[in-house]
Amino acid sequence: MNEMILMVLTGFAASLCIALSKNKHTFRNMIFITAPFLVLLQNITYQKDSLVNEIKIADFGNGLSLAVVDSPNMVATLFLYVASILWLFAAFYTLSYIQKNSLKKSTRFLSLFTLAVSSAIGISVSANLLSLFIFYELLTMATWPLVGHKENQEAKKSARLYLYYTLGGASLMMLGIVIIWKYSGNMNFQYANGMLQMVPSNLQKITMAALLLGSSVKAAIFPLHGWLPKAMVAPTPVSALLHAVAVVKAGVFAILIVIHNVIGLDLFFQSGIYKYVLFSSGFTIIYASIRACGEDNLKKRLAYSTIAHLSYIVYAGCFSLLAAVLHFLAHALMKIVLFMAAGIIQTETGKKKISEMAGIGSMLPKTFSAFTIMSLGLIGLPPVIGFVSKFQLLGYLPNGLSSIYSSIFVISGMVSAAYLLPIVIKGWFELSKTKKIKESNGMTVPILIITLSACVLTLLN
Amino acid sequence: MIFAIPLSFFVGAVFCILANKKITAKKIAITFALINFALCFQGNFVNNLLAKGSFGLGGWTPPYGIEFFAEPIGLTFVCLVSMIGFFGLMYAGAIPSKSKQNNNLFFALTLFLLGALQAISLSGDLFNIYVWLELSSICAFAIMGYRTKEGAFATFNYLLAAGVAGVIFLLGTGLVYGASGTLNLAQISTLPNPGQSISSGFALIITSLLIKMALTPFHFWLPDAYGNSPTKTLGVIPAIVTKAPAIILFKIALQLHQNQINWIAFEFFLPLMGAGAVIYGSLMAVKQAKLKKILAYSSIAQLGLVAIGIGILDVKGTLIQIIAHSVVKFSLFCSVGALEHFANIKTIDELKSTFQKSPILSWVFIICGFSLAGIPPFAGFFAKYYLVVSSLEKNNFFIVAVILLSSLLTAGYFLKILENIVFTKYTKKLKSLIPKTIYFPIVFNCSLVIIFGIFLPKLISALEGLA
Amino acid sequence: MANFENCFYAFAIAFALIAAMPKKYYLETPIAKIIQILAPLTSMIFLFGSELKDLNFLFAFIFILISLLASINSFHSKNKLQDCSSVFYAGSAIGVVTSSNWLNFVFCWEMMLLGSVVLILANRTTRSLNSGIRYFYVHLLSGSMVMFGVANLPTSEFDNVIFANVNEPYTLMILIGFLINAAAPPFHSWVPDSYPNASPTANVYLSAFTTKAAVFALIKFFPSFDPLIYVGCFMGLYGVTLAMLSNNVRKLLSCHIISQVGYMIVGVGIGTSFSLDGSSAHAFSHILYKGLLFMTAGALIYATGKEKISQMGGLARQYPFIFWSFIVGALSISGAPIFNGFISKSMIVEAAHLLHLDPVVKILNLASIGTFLSIGLKMGYYAFLNKRAIKVKRIPLNMKIAMAITSMLCILFGLMPNLLYEILPNQAVIKESIYQPWSKYHVIHSLEILGIAILAFFIFKKYLKPKDKKINTVYIQIFNSICNILDSATKLLQGTAERNKKEISQGFKNVFASAFKDGRENSNEKNNFSQNLAIVIFLISLFILVST
């Protein structure tokens with residue numbers, strides 16, 4: 001069996017094993033940790049066979065197939081690496097979190113978690129639109145019970161909302177896929193720019209709109225972003241890996257692929273669709289940034305910040321893949337640390353609201369320093385990787401554009417500071433009377449490693 | 001030799017009546033179902049499906065004789081009936097009967113019903129169709145009302161509707177016969193000069209088929225019938241009985257759509273009615289509390305999709321939808337019946353304890369739910385896919401929107417079920433009272449949902465171009 | 001990227017070492033402090049061994065020098081955060097002036113922001129917290145503007161780039177970014193707001209780097225850009241006026257920075273190689289004497305525990321050391337002969353004179369008068385000479401050493417100007433020989449200025465007496481109002497979102513009648529509006545769908 005297929009299927013197999021393991025917790029935990037190791041290993045040792053283009057997992061006849069690509073392009077490779085590496089860290093974090101919080105129904109949780117990340121990996125190596133769609137929906141299904149894991153009324157409502165949004169997006173995407181398949185017969189990503197040319201021009205706009213809208217649900221572009229803040233009721237590992245890295249990044253990945261491989265940049269600009277994309281993502285950036293300033297719940301604030309940064313990536317992706325990909329990587333790293341830190345704060349001190357978080361810095365120094373460093377990165381300050389991505393982002397915006405579009409980034413950088421800085425300052429510089437609490441290593445170690453690597457990456461550029 | 005297939009069921013029915021305590025009716029029924037199954041799926045089964053051949057009963061050729069006409073769509077349905085029949089019988093056998101009477105008559109009637117359904121799809125002329133249709137309806141009433149009080153109420157509406165439909169069908173047949181002199185579909189389709197009466201005749205025929213199919217606005221009998229039918233029948237009736245009229249309609253449409261019928265009207269109305277069914281069924285399903293009623297309305301919605309497929313003359317989509325829906329609804333109805341009979345779970349709220357009582361059935365719900373919503377890689381997805389493709393070809397964007405919306409609407413009513421199953425508080429594990437024999441048909445069927453999701457499109461594509 | 005000069009790395013390593021030091025170790029041993037002193041020394045060695053020349057060399061040299069002196073000065077303080085951040089700050093400033101490409105430049109520019117903010121915040125008072133936050137935002141704006149402008153540059157040439165005009169938006173942004181850091185009005189308010197709130201020993205660091213790095217950038221990229229002359233002139237006068245009105249001793253000195261930087265900017269604006277040299281020389285001298293003045297102010301605060309001049313007095317008798325150091329600094333800043341201000345300040349004025357920009361000359365002279373008035377006389381007289389004695393506390397030895405060394409340097413450069421002239425970028429003085437520091441004209445001119453100032457002081461003594469009154473700056477008001485606007489915008493957005501969500505979901509609930517209540521009927525007459533709205537929306541979308 002081809003190595004790429006093996007890599008994709010490892011995750012699914014692991015998920016199944018975990019699901020069947022019932023009460024043997026040690027065994028289950030071991031599988032949970034080894035799965036990302038294996039996937040990462042396969043990822044690193046993967047040799048590209050440049051002759052073969054796509055490898056079919058299942059053939060549905062008529063040109064439809066579930067296939068993975070043999071040599072992923074830049075965006076796909078990056079997504080693959082990000083997903084697999086962060087999965088490893090998140091695995092350690094999750095196990096610690098479960099143990100510390102005595103999370104109920106942990107077997108179901110872990111199995112679905114693995115399934116979700118495996119689907120994300122499948123998305124990254126899909127070879128055609130249909131495979132992308134299949135893995136996309138698999139991701140939805142796997143994450144839906146995770147969102148509602150706590151099983152109280154609020155969780156159920158958020159899960160319901162999540163499913164509605166994503167199913168709506170799925171329907172739209174299906175429309176786009178069907179139209180493309182009908183007219184071009186071939187949905188393979190390797191044949192870039194060819195797909196949409198064959199669609200008659202009256203349908204082209206509809207197809208583009210359908211595909212873009214469908215994937216913007218997961219990418220949380222206004223006005224389809226409503227599910228993300230609500231989905232924060234999920235336990236933090238879910239928020240950290242899935243809603244900061246896997247699910248939303250899958251959405252952004254889909255948009256990038258759609259713009260660059262399916263629609264093609266020429267058609268994108270010619271047809272004028274780019275104006276809508278730029279407008280909505282620009283609006284999202286500002287809206288979400290401002291909204292973030294008003295939230296008191298830490299995770300909700302981070303959720304809005306995620307929404308804003310995803311729109312950065314989409315915005316940049318309209319012009320240059322390189323800048324988008326850089327911010328993709330940078331944001332994934334930074335956000336996962338921030339969310340993990342929020343989880344640690346909640347686990348150790350039980351605090352969810354920022355107004356209660358005075359003096360956290362002295363209570364949980366390691367965690368909070370990681371949080372601080374990564375917030376600085378999100379604002380765009382060196383030596384964290386966020387600086388590099390922001391710089392490149394600004395550089396790749398075309399000079400001919402009116403400065404309104406470009407000044408969005410400057411303004412939003414300031415607003416990011418407005419919502420991140422108070423947390424940092426409150427944590428470090430406001431005095432509180434509580435004592436220092438011992439931090440558990442399980443959760444902090446992954447964070448610190450990620451933080452450091454982010455800094456190192458900057459220097460290496 | 002095509003006729004051997006339904007014949008096996010008929011023979012079995014006869015034997016069932018003669019069954020005694022040792023060789024119970026159940027065993028006979030299942031044996032004959034197996035025989036039927038083997039006959040259908042023998043050897044080079046795909047090639048069999050592609051076979052086209054006609055065969056006159058008793059050697060009498062048309063237009064006087066009764067012709068059995070085998071063609072791919074019909075044969076597909078035959079195989080479907082045999083498969084579902086087999087599983088349905090297993091399921092019915094696993095449900096212990098409440099009173100002490102023997103089940104001979106029950107099984108005999110079921111076998112007869114199945115045979116009749118198969119014979120319908122092999123028929124080539126109108127009268128034949130009528131006969132078998134009415135026979136199947138009678139068997140269905142009998143089974144549904146079989147010595148249970150709730151069944152009796154359920155049957156009454158069905159009886160009315162079927163009766164009316166039958167009369168209309170006869171009327172239409174009469175008109176057609178009078179105008180063309182023959183009842184054979186193939187011959188009718190080659191008539192050079194169709195007149196007004198043939199068109200109106202077929203209009204009546206089609207209407208009656210729609211009533212039997214429970215398409216909006218003729219659906220009023222379905223919720224009560226399915227909602228109140230006894231548990232034993234749940235395996236056989238809901239899944240395929242309403243599919244037979246659909247298949248007939250499809251065949252008629254495909255064969256006659258050029259000339260005879262005022263197809264423009266039907267091209268316009270059928271998809272609209274189908275769309276209406278989708279929306280109405282889903283919306284009404286949201287309000288229901290009883291599980292069986294929800295599934296009944298859901299059937300209305302899914303049948304709406306079938307109607308849309310027929311209306312736009314899409315072979316692949318309709319076939320996949322029929323097969324997928326039969327399989328899915330079979331699993332769902334059987335699970336619901338099992339839960340109601342053994343675990344006393346009748347409404348959505350009571351579903352909360354499902355996961356403890358029977359994890360397997362919970363998984364069945366989850367998988368079937370996702371298939372209904374049209375999520376890949378389950379079977380329902382490809383049905384919707386091809387339907388959308390065909391509606392795009394006809395440039396009918398409203399239908400496209402409805403098809404795409406259907407997954408959202410399905411989620412609307414199914415989500416509550418799924419939520420109650422998945423998100424339940426962890427309590428002490430309750431004993432599961434559901435016997436293992438029930439599981440086998442359900443689980444097997446459910447796995448078919450997944451398997452069909454992967455293999456069916458290819459299969460059906462092989463039948464392409466056979467309109 | 002990542003080819004920093006070795007000078008930078010010395011500081012980076014020092015930062016890492018101090019930051020990683022456990023607290024106990026830090027408090028009990030002087031190792032951290034020693035590292036803090038060693039870092040500039042090592043860096044200096046690297047500097048002389050490197051291939052930097054001209055402008056880079058000059059600025060790097062003076063930055064390293066002042067960080068050495070400042071670290072000696074802060075030897076006694078036990079604030080780990082302050083030590084780390086000051087090393088970070090110094091290192092990044094040196095990175096700015098030794099950078100060889102744009103990426104390095106912007107990278108270090110932003111890191112300067114980080115270092116200085118934490119340095120201010122390290123004081124851990126409420127006021128420093130608030131002003132630190134404001135500082136952060138202002139400088140973030142500057143950094144973003146620079147980053148934005150740099151990112152949009154058409155070429156990535158770094159070394160010989162001169163922006164002659166600001167036609168392109170990105171050039172304008174870069175200019176504004178630099179000007180914010182250089183404290184040009186209207187972006188100057190952060191200086192008097194944040195510098196007085198840092199800890200006294202941190203002030204020496206703070207005053208030296210940010211503004212001078214901005215001046216470096218202006219010299220490098222915007223020479224002979226004419227509007228800068230006017231900006232500089234305005235700054236010169238404005239700073240001095242603010243200083244004269246200040247009561248807090250550090251605020252006075254901080255406002256004064258604005259004035260002196262104004263001088264440098266005028267030099268940049270004039271643009272001849274002579275005037276550019278003048279700016280560089282003035283930056284050099286300014287760092288030295290301003291550092292000295294801040295050191296004395298820090299010593300005063302340490303000794304008396306008070307920050308306002310109105311609360312001090314008669315300290316000359318008790319602290320002669322501080323007094324004499326202060327005299328050296330005050331005279332340097334005013335351009336008295338023998339001290340280094342004399343040799344550098346007049347270069348700019350002379351350059352203006354050579355180009356016949358007479359109004360500029362007059363304004364600059366006026367600013368000089370004001371300088372001596374505010375610092376030398378106001379502060380000197382009221383803090384040291386006015387008869388009022390307060391409780392004493394000995395100042396630590398390290399401060400004395402630092403002040404002594406700095407004073408000596410001031411005098412050294414004042415007496416041997418060629419030492420400075422040789423390292424000036426354009427070597428204008430030596431080559432062109434149009435300027436002689438010790439010419440009779442200059443000496444007399446500077447003594448004139450001093451004399452007029454003394455006269456003015458005694459005439460207007462009543463008005464110049466420091467009073468303890470509070471001035472609520474406009475800057476803080478603007479900042480607070482921006483925060484309020486942001487706040488209300490957020491609340492508005494939140495409110496609308498909540499309300500709309502409720503209405504829309506209510507509408508949906510009614511359309512799918514009682515869908516979310518299990519099986520029960522739910523008739524809502526109240527929500528007819530939402531229901532109608534939902535229906536209308538649906539119809540409209542249908543219409544759109546149909547018409548495509």
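I take two helices to be roughly antiparallel when the angle between them is over 145 degrees. I note at the outset that this is a predicted model.

**Entry 1: H11 and H12 of chain C.** I looked up helix H11 (residues 227-245) of chain C together with helix H12 (residues 249-270) of chain C, and found that their axes come within 7 Å and cross at roughly 165°. H11(C) and H12(C) are therefore roughly antiparallel to each other. I recorded the crossing of this pair, H11(C) and H12(C), as left-handed. Sorting the contact of H11(C) with H12(C) by class, I found 18 nonpolar residues, 7 polar residues and no charged residues.

**Entry 2: H3 and H4 of chain C.** I then turned to helix H3 (residues 31-49) and helix H4 (residues 54-73) of chain C, whose axes come within 8 Å and cross at roughly 160°. H3(C) and H4(C) are therefore roughly antiparallel to each other. Their crossing is left-handed. On the H3(C) side, the residues making the contact include C:Gln36, C:Ile37 and C:Pro40, and on the H4(C) side they include C:Ala60, C:Phe61 and C:Ile64. By class, I noted 10 nonpolar, 4 polar and no charged residues in the contact of H3(C) with H4(C).

**Entry 3: A:Ala35.** I located A:Ala35 in helix H2 (residues 25-44) of chain A. Is A:Ala35 buried or exposed? I entered A:Ala35 as buried, because it has 25 C-beta neighbours inside 10 Å. Leaving aside residues up to four places away in sequence, I found that A:Ala35 touches A:Thr10, A:Gly11, A:Ala14 and A:Thr114. I also looked up A:Ser369, which lies 334 residues from A:Ala35 along the chain; the C-alpha atoms of these two residues are separated by 30 Å.

Key:
Residues numbered from 1 in each chain as written. Chains lettered and ligands numbered in written order. Predicted model: local features only at pLDDT ≥ 70, side-chain atom pairs only at ≥ 80, totals over all residues. Axes fitted to C-alpha atoms, helices over the stretch in contact; angles between N-to-C directions. Helix = DSSP H or I, 4+ residues; strand = E, 2+ residues; numbered from the N terminus. Parallel < 35°, antiparallel > 145°, perpendicular 65-115°, else oblique. Left-handed = near helix turned anticlockwise from the far one by under 90°. Nonpolar A, V, L, I, M, F, W, Y, C, P; charged D, E, K, R; others polar. Contact = placed C-beta atoms within 7 Å. Buried ≥ 20, exposed ≤ 12 C-beta atoms within 10 Å, placed from the backbone.
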